[in-house]
Every structure is written in C-alpha cells, then in structure tokens.
Amino acid sequence: MRYLIAFFALTSLVTLFTFAARPVDQMKTMVQPQTLMPPPLPREFRGVWVATVANIDWPSKPGLPTAQQQAELLKVFNDADKMNLNAIIFQVRPSTDALYDSRFEPWSEYLTGRQGRAPSPMWDPLAFAVEEAHKRGMELHCWFNPYRSLHPAQKGPVADRHISRTHPNVVKSYGKYLWMDPGEAAVQQRSIDVMMDVVKRYDVDGIHIDDYFYPYQEKDSAGKLIPFPDDASWKRYVASGGKLKRDDWRRNNVDTFIERLYGEIKKEKSWVKFGISPFGIYRPGYPASIKAGVDQYADLYADALKWYREGWVDYYTPQLYWPIKQTAQSYPVLLDWWMDQNVKGRHLWPGNFTSKTNPADGNWPAKELSDQIALTRKRGAGGNVHFSMKAFSRNYGGIADELRGGVYVGKALVPASPWLDSKKPSAPKLDVQKIDERTWTVKWDAGDENDVRFFVVTPHIGGKWMKPTITSAGQMTVQVEAGIPQRLAVSVIDRVGNESGASVVALP
C-alpha cells in the first residue's frame, strides 16, 4: 500500500502541492461526490527519441563532468515536459556499450570519453532518467540496438569487456562498423540477457528497438555491394541439416529473436511494453503506389510485417520519414497501409522525422509536422514519436512553438494497452484535514503500489476544473493555476494505462 499527502499552502497567487507518506490509520475516507467530475484527459502517445550515439541528443559531448551531464539530462526532461510530451525513448545501448550500470557491457565512450571508464563521481543515467521521467508524468522506454557492435563515431579503443574482445568469433567487420552476427546463438542470447537485465533491475515502461537488424548494405570503393560475412554461422546451419535458403535463414534468425524477446519480457513483467520502429516501407510495392525505398525484407532480412501481424509487439513505430505530399514515399499512404495490417489491434505510433526542420538538414516547415500529427489523429492512429529531441531543444524552424501552441496544447495520457490488462484500478480514498487558515492536508490511499504508475491531480478553482498535474507516487512540489481550489480530484493510472474513476474531495 502507498499513501500520499498533499499539503496546500494557499495564497491569492499560487497554489503548491507537496506529496509525502502518511500512515493508513490517520486516514478517513471521504464520500466521493458523483455530480462534479473533471473532464477526461485525451489519450495520445507523444514520444521522442533521445539519441546518445555520436552524442546526437545527450550528452552534448563525451567526458563531461557528472554534474553537467545531469544538468543536460534534466533539461531534456524539462523541455519535453514543456512540450506536453508523455514518453521518452532513451538510447541506452548504442553499440554493445551502456549508458547505465550494465552487468554485461562497458560504459559508453559517448558518456565518459573512453569506453569502459565509469562516470566520476559515479551515477547511473538510466536510474536517474526513470525517476525524472516519472516525476513529470512521462513514461521511460529504453532503446537498444540488438546487433551493432561498434559505430564509426567512436574514436577511442574498445574496452576489455566489449564483446569484440570477449567473443571475437561472433563479431564481424562490415564497412565502417563492427556487427554481431544475428545467426550466432550466443549473439541472440547476449542481446536478450542485456535487455532482460534492464527489465529486471529498472522500473522502465518499455523496451524499444529500431530498424537495425542485419546491417544496411555497404559498398566497397568500387561501388560493389559487400556481402555480410556470416559464412561460419551459415555453414554450421547447413551442416546441422538446415533446409532454409540463406535469405530465409537470416530472416528466421531475426524472427526467432523478436518472438523470444517479447515472450521473455512478458514473462518477467507483463506490463512492460515492447516496441519496434522498423524502416517505414515494408517493401517497395507495398502498397502498390510506393515504388522506391529500401527493401528491408530483402536487404535487412527484417520481416517487419510478420512481427506486427503476429502480435509480437505492443506498439509499432514505422519510421514514416517523408513529407505528406512526397508521392514516391507518401506519409498518409504508408500510414494507411500500416493501419490496415494491424490485425492484432496493437498500438500504431508512427515515427516522424522532426529533425528535418533543421535549416541545415531539410528545412521542413514546422507546419509539415503539425499537419502529420493532425493526419495521424484523423486516420485513428494513437500517437507519434519524434526523431529527435534536439529538434525541440533547439526549436528548429519554430517546431517546439508550433506543436506546444497547437496540436500539443494541454496534457495527454498514454493510450491503455487492454491486451495486457483491462482492469481499472480502484479510485483512491481521500481525506482532508485543516492545518491552519492557509494550509490543508489531503491524504489518499492509492491501493496496490505495484500497479500504480501515475496520479492525475486536478484542482477545481472558481467554478471550473483547471490544468491537471500528472505525477508519480514520489515526493515532490508542483505549481498549479493561481487561486484557491474549492475541490481536488485525484485518479490513479496503472502501469498499462488504465485510469480509475476520480475521487473528489471538497476543501473546507
């Protein structure tokens, strides 16, 4: 059981809420008024990728002091909060390294300046990120690359713990990269171990992988395609009696990994969502009007349609990185196609190339993105994910102003996932006690603490419900609208997004 207290220090200018713990025997249940309830919040996934590879979004450069790293990460969350976003997709494993205290892999060069070097003073960015996201009513999803082992942006040496040192036989040089061979059982096990370690040890809301499976094809200096060097694992498969053709075998390697990872996550913590953001085109010709684009089925050996139709995900985020009016790769045409394939009724939250508002990289008008969001809503999809946070932090082309002043005005809750759990939590029991002429203590019993993710706290001032605060069950102070509330409504959001009824208490 978790019990929270809200202290209301009331003035004519500002109202402060502070949450802390109180014993259950000091609580008295109030009768809930049934005739005055706050309006429900809209449901929409408003996510953003925070990329750490090559220091795209955070930290601004490798090797910064811990205090500066923390300050920069806090700014990420504060900027996202101002945008009324409700989910951060935080890259924690760019290339078999870690931006958290991993049991398997070395600290990332992008964090500390040298792979394998721990932060000093020591801190865990993922634990920090989970806490700060939840304080602001945002979900935290961990973004992993399952197979990439070294990115050319890394300039220093690999650490002794890096898999290219500990298991060099499963790591292949391909173009400018090191890549783990998806055909190796040890590789699949390693990536699942890494992700499940995070699921077990951190209170995350989701596990997320992007569009890198077998690598995008590389060419040599003569322009000839370089074959992926998996001869050893392929020959073992054939020698063991395997009958699949090589391309089908590669796809099956990835299929097996995706299906197994989804099952492992659900076995450990059924409420942790699993999401994939594949390349936005399944194959050229799907649908018929889409003529050009990478063939991820043939080139990346990624049968993204199969995983989606089998329901091995909780949400799908195809990277629809093209403008609405670009015929060869049309945002609305591709969105409609992916919606038509959603036979299991999973969430569809397309990815948007929001960083194209950068004048140096596309110079898209900000309205292109707000129009894409409006179109996503019109088509009935449940939200969007933006690449990447830097676009909002730097307000390229006025994109942050455009969204928070338009399509992202006001808060929204992440859509619920009824296939995981459809039972609504019980409404909290409220009690109010007067401390002095300007202070009241409001207490509530939140029920099962293992099923509570957020509280929605809404003040009623001057005859109307004001802007709500979405907060975790931790201790904090937040500001709400000016004036003295006559009532307060509190509802509970569980880990898969189900909301209780609101309990309303009148302040004396």
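The protein chain exposes an accessible surface of about 20,300 Å², and 51% of that area belongs to carbon and sulfur atoms. Keep in mind as you look around that this is a predicted model. Of the chain's 508 residues, 58% count as buried. The chain holds 13 helices and 22 strands. Its contacts reach far along the sequence: among those between residues at least 6 apart, 73% join residues at least 24 apart.

A good place to start is strand S14, which spans residues 383-386. In a regular strand, side chains alternate between the two faces of the sheet. Here both faces of S14 are covered, with Gly 383 and Val 385 buried on one side and Asn 384 and His 386 buried on the other. Which strands pair with S14? One is strand S3 (residues 45-50), joined to S14 by four bridges and running parallel to it. Another is strand S13 (residues 351-352), also parallel to S14 and joined to it by two bridges. His 386 is a handy landmark for both pairings: Val 48 stands opposite His 386, and so does Asn 352. If you follow the chain from S13 through helix H11 (residues 366-379) and on to S14, you trace a right-handed β-α-β unit.

For a contrast in strand direction, move to the open sheet made of three strands in the order S6-S8-S7, where the pairing is antiparallel. Its edge strands are S6 (148-150) and S7 (171-174), each of which pairs on one side only. From one strand to the next, the twist averages 40°. Between S7 and strand S8 (residues 177-180) there are four bridges. To find your way across this pair, look for Lys 172, which stands opposite Trp 179 in S8. Strands of a sheet, whether parallel or antiparallel, pair through backbone hydrogen bonds.

Now turn to the charged side chains. Side chains of opposite charge can pair when their charged atoms come close. Across the whole structure, a search finds 29 salt bridges, and three of them make a useful tour.

Begin in helix H3 (residues 125-135), where Lys 135 and Glu 131 lie four residues apart, about one turn of the helix. Their closest N and O atoms are 3.8 Å apart, which counts as a salt bridge because the cut-off is 4 Å. Lys 135 is partly exposed at 29% relative accessibility, and Glu 131 is partly exposed too, at 48%. The two also belong to a network of salt bridges that links them with Glu 132 and Arg 136.

Helix H5 (residues 185-201) offers another pair four residues apart, Asp 197 and Arg 201. The side chains of Asp 197 and Arg 201 meet in a salt bridge at 2.8 Å, N to O. Are these partners buried or exposed? Asp 197 has a relative accessibility of 5%, so it counts as buried, whereas Arg 201 is partly exposed at 29%.

The last stop is a salt bridge between Asp 255 and Lys 306, whose closest N and O atoms are 3.2 Å apart. Asp 255 lies in helix H7 (residues 246-268) and Lys 306 in helix H9 (residues 304-310), so this pair ties together parts that are 51 residues apart in sequence. Asp 255 is buried, with a relative accessible area of 6%, while Lys 306 is partly exposed at 31%.

Conventions:
Residues are numbered from 1 along each chain as its sequence is written. This is a predicted model: local features need pLDDT of at least 70, side-chain atom pairs count only at pLDDT 80 or more; totals for chains, interfaces and linings use all residues. Side-chain values use heavy atoms; hydrogens and water are left out. Buried means under 20% relative accessible area, exposed over 50%, partly exposed in between (1.4 Å probe, protein chains only). Two strands pair if DSSP finds at least two bridges between them. Axes are lines fitted to C-alpha atoms, for helices over the stretch in contact, and angles run from 0 to 180 degrees between N-to-C directions. Contact means heavy atoms within 4.5 Å. Accessible areas come from the Shrake-Rupley method with a 1.4 Å probe; for residues, only the protein chains shown count as cover. A crossover is right-handed if, with the strands pointing away from the viewer, the path from the first strand over the helix to the second runs clockwise.
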